[in-house]
Amino acid sequence: MKSSDLPLNITADDVATAAGVSRWTVNRAFKKDASISSKSREKVMAAAEALGYVPDLRAVALASDRSNLVALLIDDFANPHKLVMLERLTRALRSRGWDTMLVNTLNRDDTAPALLNASRRRVDATILIGIQFDDEVLDAAYKARHFKKLIVFARSSENEDTISISVDDRAATIEIAEYVRDRGYRKPFYLAGPRTDSAHLSRKETFVDFWMQTFGETCDSVPVPAYDPILAADIVAEAFGGKTRAELPDIIVCENDALALGTIDAIRHRLGLKVPEDIAVIGFDDVPQGESPNYRLTTYRQPLTDMANYLVDVLESSQTTQLDKTFIGRMVVRESA
């Protein structure tokens, strides 16, 4: 049959007739966990492909208690790691039959309305990837109770209404701190990211505590209000411009790679120094840019694929509590430190 001969609105009844099965069998063939023989499913799928049939997902969702749709709320697009997280998450979701609705939360004031709007779309879960989700925002979203699960991804959350899936920040930072110590650095400086009230990172606190307990010395630190390489470069240039060599740190430990890339740019192009000969740099995340010859960044790689696959396990679980999980990554050593 030519494509021009096909009816414009193919229905499940058309597929059932072409496959020689019942409409009920067609409906079950498109349900992920439905009980149906492989032979029947193959007949339905072959007929559907030949006719160009696509099931109405909205109708399927209304007929069940699951929409297989999740909302991804994300901010901080200046951070290149967000794109890596999006790729891993959407790959894991699509491979197991889940679709996504992407929402760019522009700022903190936009976050609460975005969460409530997502909850009205009959999504099965809302996944938060960002820095603007404090307790007030999370509480407002959860009270709507229009979604089954509220997941904070790649950050730990102490909010009891959320499910937190993250790297073990403490274990990772201790591994970084031990690396710094064992390589003989003795004047570290910590470049931290924005401070948040609920979903947060504990990297700076862990490093500073480790250094105090190991050497009895304070590790100076300064925060950057966003994970933005350009902003990080400005702050590093301002912090160390005009300093003598004796006043400079021998290594800058950065809360993530976005800050580390900006730090390297500032050391080389704003301060006129070399990495790692004058100041070494360590990041966190292992973004693709860090591997380039321009940076060769020593960093800590989060196991994003494992984290994303676990997130889908959480979506498909009937449990709603005790689902928080932390993961262990690994150091990636390159020439920057």
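Me: Which strands does helix H12 lie across, and how does H12 run relative to E4?

Reply: This is a predicted model, by the way. In it, H12 (residues 304-316) lies across E1, E3, E4, strand E5 (163-167) and E11. Its direction is at about 175 degrees to E4.

Me: And what does helix H5 lie across?

Reply: H5 (residues 81-95) lies across E1, E2, E3 and strand E4 (149-153), and runs at about 175 degrees to E1.

Me: What makes E2 and E11 edge strands?

Reply: The sheet has six strands in the order E2-E1-E3-E4-E5-E11, with parallel pairing. Strand E2 (99-104) and strand E11 (325-327) each pair on one side only, and that makes them the edges. On average, neighbouring strands here are turned by 20 degrees against each other, ignoring direction.

Me: How do you know that E1 and E3 count as paired?

Reply: Pairing takes at least two bridges. Strand E1 (residues 69-74) and strand E3 (residues 125-129) are joined by five bridges, so they pass, and they run parallel. One of the bridge partnerships is Leu73 with Leu128 in E3.

Me: Which helix or strand gives the most to the largest nonpolar core?

Reply: That's H12, with eight residues. The core has 28 residues, and Ile127, Ile129, Ile151, Phe153, Ile165, Leu311 and Leu315 touch the most other members. E1, H5, E3, E4, E5 and H12 each supply at least two residues. Apart from this core lies another one of 27 residues, including Tyr227 and Ala260.

Me: What does Ile129 touch beyond its sequence neighbours?

Reply: Leaving out anything within four places in sequence, Ile129 is in contact with Leu72, Leu73, Ile74, Asp75, Lys82, Met85, Leu89 and Phe153.

Me: Why is Asn256 called buried?

Reply: The cut-off is under 20% relative accessible area. Asn256 comes out at 3%, so it is buried. Asn256 is in the loop between strand E8 (251-254) and helix H11 (257-270). Not counting residues up to four places away in sequence, Asn256 touches Asn79, Arg203, Tyr227, Gly283, Phe284 and Asp285.

Me: And why is Ile282 called buried?

Reply: Set against that under 20% cut-off, its relative accessible area is 0%, so Ile282 is buried too. Ile282 is found in strand E9 (residues 280-282). Its contacts beyond four places in sequence include Ile176, Tyr179, Val253 and Ala337.

Me: How far apart in space are Ile282 and Leu259?

Reply: They are 9.7 Å apart, C-alpha to C-alpha, with a separation of 23 residues in sequence.

Notes
Residues are numbered from 1 along each chain as its sequence is written. This is a predicted model: local features need pLDDT of at least 70, side-chain atom pairs count only at pLDDT 80 or more; totals for chains, interfaces and linings use all residues. Side-chain values use heavy atoms; hydrogens and water are left out. Helices (H or I, at least four residues) and strands (E, at least two) are DSSP runs, numbered from the N terminus. Axes are lines fitted to C-alpha atoms, for helices over the stretch in contact, and angles run from 0 to 180 degrees between N-to-C directions. Contact means heavy atoms within 4.5 Å. A nonpolar core is a set of buried Ala, Val, Leu, Ile, Met, Phe, Trp, Tyr and Cys residues joined through side-chain atoms within 4.5 Å. Buried means under 20% relative accessible area, exposed over 50%, partly exposed in between (1.4 Å probe, protein chains only).
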